[in-house]
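Open the model in your viewer with the cartoon and side chains available. The stops below go through it one selection at a time.

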Amino acid sequence: MATRKTTSPDKKKKEGPPKAGAFKARATKPTQFRFFYERGDFPIALGQSARGNVITWKAPIDQLDYHHYLPLFFDGLCEKTHPYSFFAREGVKDMLEAGGEKITPVVPQLIIPVKNALNTRDAEIVGVTLKLLQQLATSHPDVGAALVPYYRQILPIFNLLKNKNLNSGDQIDYGQKAGRNIGDLVHTTLNVFERTGGPDAFINIKYMVPTYESCMMR
């Protein structure tokens, strides 16, 4: 008597590592920053100094409406075209240096622009954004803790890029400009977050980046 051949149920496929395309730079769209700049809404102009191009502010920076201007400058971090990229990056630096206590209340408005910049996977944009996040976290004693509730939104890309090293073949090398690779910048930024984020920082970083080791418990 012939036996009937049975088919075993399909086994679930194991999820492998992300494909190389996960690290490929994504096209960016014109930003709100570009729109406002072309409309002449920013109190800025291009100036010169001994170190090269600088922003000339037409109003005292610390008197600007940070709720209006700082998110727009962060939005411009997705730009790579001059002069938009120059004004956006230098504008963020200048505003973080001068903002003091005006920065903390604006943190919730900065999360989407930061996510957009990181999610471009563009080496230059990601590298610049990570360094500015370090400056943001240290710009005022309250800012680091104010960032903690938003780790779940901005740290997934950190977890993706934490091991991206020089010459990794994933088109995410920022080493030639920053002097370091993306993995180093991610690690340094996480260290800054832990140092400035207060008692809840480490556990929240660890939740999103499981391989992260504390820089304060050694």
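This is a predicted model.

**Stop 1: helix 10**

Select residues 201-208, which form helix 10, and colour Ile203 and Tyr207: these two are exposed, on the other side of the helix from its buried residues. Now add Ala201, Ile205 and Met208, which are buried. These three span an arc of only 65° around the axis, so they sit on the same side of helix 10. What covers them? Show helix 7 (151-161) and helix 9 (182-196), which are among the elements covering the buried residues of helix 10.

**Stop 2: helices 3 and 5**

Next, select helix 3 (residues 84-99) together with helix 5 (residues 123-137); their axes come within 10 Å and cross at roughly 5°. An angle under 35 degrees counts as roughly parallel, and therefore helix 3 is roughly parallel to helix 5. To see the contact, show side chains for Arg89, Val92, Lys93, Leu96 and Glu97 in helix 3, and for Glu124, Ile125, Val128, Leu132, Gln135 and Leu136 in helix 5. Coloured by type, the residues of this contact come out as six nonpolar, one polar and four charged.

**Stop 3: Asp94**

Stay on helix 3 and pick Asp94, which lies in it. Is Asp94 buried or exposed? Its relative accessible area is 16%, so Asp94 is buried. Beyond its neighbours within four places in sequence, Asp94 is in contact with Ile55, Trp57 and Ile61. Finish with a C-alpha to C-alpha distance from Asp94 to Ile61: the two are 7.7 Å apart in space and 33 residues apart in sequence.

Notes: Residues are numbered from 1 along each chain as its sequence is written. This is a predicted model: local features need pLDDT of at least 70, side-chain atom pairs count only at pLDDT 80 or more; totals for chains, interfaces and linings use all residues. Side-chain values use heavy atoms; hydrogens and water are left out. Buried means under 20% relative accessible area, exposed over 50%, partly exposed in between (1.4 Å probe, protein chains only). Helices (H or I, at least four residues) and strands (E, at least two) are DSSP runs, numbered from the N terminus. The arc is that of the directions from the helix axis to the C-beta atoms. Contact means heavy atoms within 4.5 Å. Axes are lines fitted to C-alpha atoms, for helices over the stretch in contact, and angles run from 0 to 180 degrees between N-to-C directions. Angles under 35 degrees count as roughly parallel, over 145 as roughly antiparallel, 65 to 115 as roughly perpendicular and the rest as oblique. Ala, Val, Leu, Ile, Met, Phe, Trp, Tyr, Cys and Pro count as nonpolar, Asp, Glu, Lys and Arg as charged, and the others, Gly among them, as polar.
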